[in-house]
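Me: I have a model here and want to see how its labels are earned. Please set each value against its definition.

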Amino acid sequence: MPVVLEFASLAGPGAGEAPLRRHRRGLELIHRALTDSDSPYRHVLAALLALLPPPTDADRAAVSRLVAEGPPNEDVGLDPYGS
């Protein structure tokens, strides 16, 4: 996140903001998790999100769906491949 924010500050409003806009749903998801855990870092994400255009209804629905689904299953190690 620090590298992306550094890039955004150096690249300016157009190119710098583009990756943040593209990943707004992920940023919203991180913000929600930080808020749920009462992390002080939630304020950092809230400030960042306030600088972006407001989320659309589709963004809100996608974030809610991601929260409901939980994290994806990961295939770690060789067990999933029948070693």
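Me: Which element gives the most to the lining of the largest pocket?
Reply: α2 does, with four residues. Elements here are DSSP runs numbered from the N terminus (helices H or I, at least four residues; strands E, at least two). This is a predicted model, where local features need pLDDT of at least 70 and side-chain atom pairs 80 or more, while totals for chains, interfaces and linings use all residues. Residues are numbered from 1 along each chain, and side-chain values use heavy atoms, without hydrogens and water.

Me: What makes a residue part of the lining of the largest pocket?
Reply: A lining residue has an atom within 4 Å of a pocket point; the points lie on a 1 Å grid over the protein atoms alone, take a 1.4 Å probe, and form an open set with protein on both sides within 12 Å along at least five of seven lines. L5, A8, G12, P13, G16, E17, L20, V44, L48, L51 and L52 line the largest pocket. Two or more residues come from each of α1, α2 and α4 (42-51).

Me: Why are α1 and α2 called roughly antiparallel?
Reply: The axes of α1 (residues 2-11) and α2 (residues 13-22) cross at roughly 155° and come within 6 Å. Axes are lines fitted to C-alpha atoms over the stretch in contact, with angles from 0 to 180 degrees between N-to-C directions. Angles over 145 degrees count as roughly antiparallel (under 35 roughly parallel, 65 to 115 roughly perpendicular, the rest oblique). The two helices are therefore roughly antiparallel to each other.

Me: Which residues of α1 and α2 meet?
Reply: V4, L5, F7, A8 and A11 in α1 meet P13, A15, G16, P19 and L20 in α2, contact being heavy atoms within 4.5 Å.
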